[in-house]
Amino acid sequence: ARELDPFSPLGAVNPARAYYYARQSANAIEVLRREQESGTNEVKIRYMLGLALLQEQKYDEARLIFEEIYKQNKLFGSAALGFCYAKMGETRRARAIISDLQQDAQERTVPSLEIGMIYAGLNEKTEACFYLERAYAERHSALISFRVEPLYDGVRETPQCANLLAQMQLNGS
C-alpha cells in the first residue's frame, strides 16, 4: 500500500493492525506515533493507536483518544470507549454507553458487535457472547478477526463463543 500511495496515512494502519493482532502492541504504537508525527490526524490511525494502548494497559491515554473520537462520531467511538471504561473499573460509565447504544438501536441500526465489545471489557462473558452471536447473525464484517482480536481474549474460550468460532469456521479445525 505504501508503494502504491506513499502519502496515504492509512498505509500505517494495516502494519500496525498486524502487530496489534500478534500482541506486539509496542511495535504498533511505534508505527502509529511515527505516522502522527508526520502530521496526520486520521481518525483510523488514532483509533488503532487507542486499541494498541489498551493492549499495553495504558488506559488513561487510550481513554483520551476514544473520548475525542466519541465526541466526533458517537457510534465509531462508543464500543472502544466503553471497553476502556470497563477496564479502568468505571463500570457505571461503560454501562451508560451500553444503555445509550440500546436506546439508539430503537431508532437506527446499531451493530450488536459494539455492545458485545463493551460486555467483553466488563468480563460479562454470557452477555458478550450473546451480542457477538447477534453480530454474526447480522453478518458484521469485523467478526472475521474474532479469533485474534485482543479485546475478546477474556471471552473467546467460553463454550458459547467457542461454538461461535466453530460456526464461523474460525476455530482452527
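## Exercises on a predicted helical model

The axes of helix 5 (residues 74-87) and helix 7 (residues 112-121) approach to within 7 Å and cross at roughly 10°. Keep in mind that this is a predicted model.

**Exercise 1. Classify the packing of helix 5 against helix 7, then work out who makes the contact and what kinds of residues they are.**

Start with the general recipe: two packed helices are described by the angle between their axes and the distance between the axes. Here the crossing angle is roughly 10°. Angles under 35 degrees count as roughly parallel, so helix 5 is roughly parallel to helix 7.

Next, list the contact residues. Helix 5 brings Leu75, Ser78, Ala79, Ala80, Gly82, Phe83, Ala86 and Lys87, while helix 7 supplies Glu114, Met117, Ile118, Ala120 and Gly121. Finally, sort them: eight are nonpolar, three polar and two charged.

**Exercise 2. Check the length of helix 3 (residues 43-55) against its expected span, then decide how enclosed helix 3 is.**

Length goes like this. Helix 3 has 13 residues, and at 1.5 Å a residue they should span 18 Å. The end C-alpha atoms of helix 3 are 18 Å apart, which agrees.

Now for burial. The buried residues are Ile45, Arg46, Tyr47, Met48, Leu49, Gly50, Leu51, Ala52, Leu53 and Leu54. That's ten of the 13, so helix 3 is largely enclosed by the rest of the structure. What does the covering? It includes helix 1 (13-21), helix 2 (25-37), helix 4 (59-72), helix 5 and helix 7.

One last stop: just after helix 3, Gln57 takes a positive phi of about 60°.

**Exercise 3. Describe the ring pair of Tyr20 and Tyr21, and say how exposed each of these residues is.**

The structure holds six aromatic pairs. In the Tyr20 and Tyr21 pair, the ring centres are 5.5 Å apart and the planes sit at 45°, so the pair is tilted.

Then take accessibility, where buried means under 20%. Tyr20 has 1% relative accessibility and therefore counts as buried. Tyr21, at 24%, counts as partly exposed.

While you're looking at rings, find Tyr47, Phe66 and Phe76 too: they form one aromatic cluster.

**Exercise 4. Place Gly77 and Thr158 in the fold, and find their contacts beyond neighbours within four places in sequence.**

Gly77 first. Gly77 belongs to helix 5 and is buried, with a relative accessible area of 0%. Setting aside neighbours within four places in sequence, Gly77 touches Phe66, Ile69 and Tyr70. As for Ile65, twelve residues away along the chain, its C-alpha atom is 9.1 Å from that of Gly77.

Now Thr158, which lies in the loop between helix 8 (125-137) and helix 9 (159-167). Its relative accessibility is 14%, so Thr158 counts as buried. With the same neighbours left out, Thr158 is in contact with Lys125 and Cys129.

**Exercise 5. Look at phi for Arg23 and Arg139, then locate each arginine and judge its exposure.**

Recall the background: most residues other than glycine have a negative phi. Arg23 has a phi near 65°, a positive value, and Arg139 also has a positive phi near 65°.

Where do they sit? Arg23 is in the loop between helix 1 and helix 2, whereas Arg139 is in the loop between helix 8 and helix 9.

For exposure, over 50% counts as exposed. Arg139 has a relative accessible area of 60%, so Arg139 is exposed. Arg23, with 36%, is partly exposed.

Note on methods:
Residues are numbered from 1 along each chain as its sequence is written. This is a predicted model: local features need pLDDT of at least 70, side-chain atom pairs count only at pLDDT 80 or more; totals for chains, interfaces and linings use all residues. Side-chain values use heavy atoms; hydrogens and water are left out. Axes are lines fitted to C-alpha atoms, for helices over the stretch in contact, and angles run from 0 to 180 degrees between N-to-C directions. Helices (H or I, at least four residues) and strands (E, at least two) are DSSP runs, numbered from the N terminus. Angles under 35 degrees count as roughly parallel, over 145 as roughly antiparallel, 65 to 115 as roughly perpendicular and the rest as oblique. Contact means heavy atoms within 4.5 Å. Ala, Val, Leu, Ile, Met, Phe, Trp, Tyr, Cys and Pro count as nonpolar, Asp, Glu, Lys and Arg as charged, and the others, Gly among them, as polar. The expected span of a helix is 1.5 Å times one less than its number of residues. Buried means under 20% relative accessible area, exposed over 50%, partly exposed in between (1.4 Å probe, protein chains only). Rings of Phe, Tyr and Trp (its six-membered ring) pair if their centres lie within 6.5 Å; planes under 30 degrees apart count as stacked, over 60 as edge-to-face and the rest as tilted.
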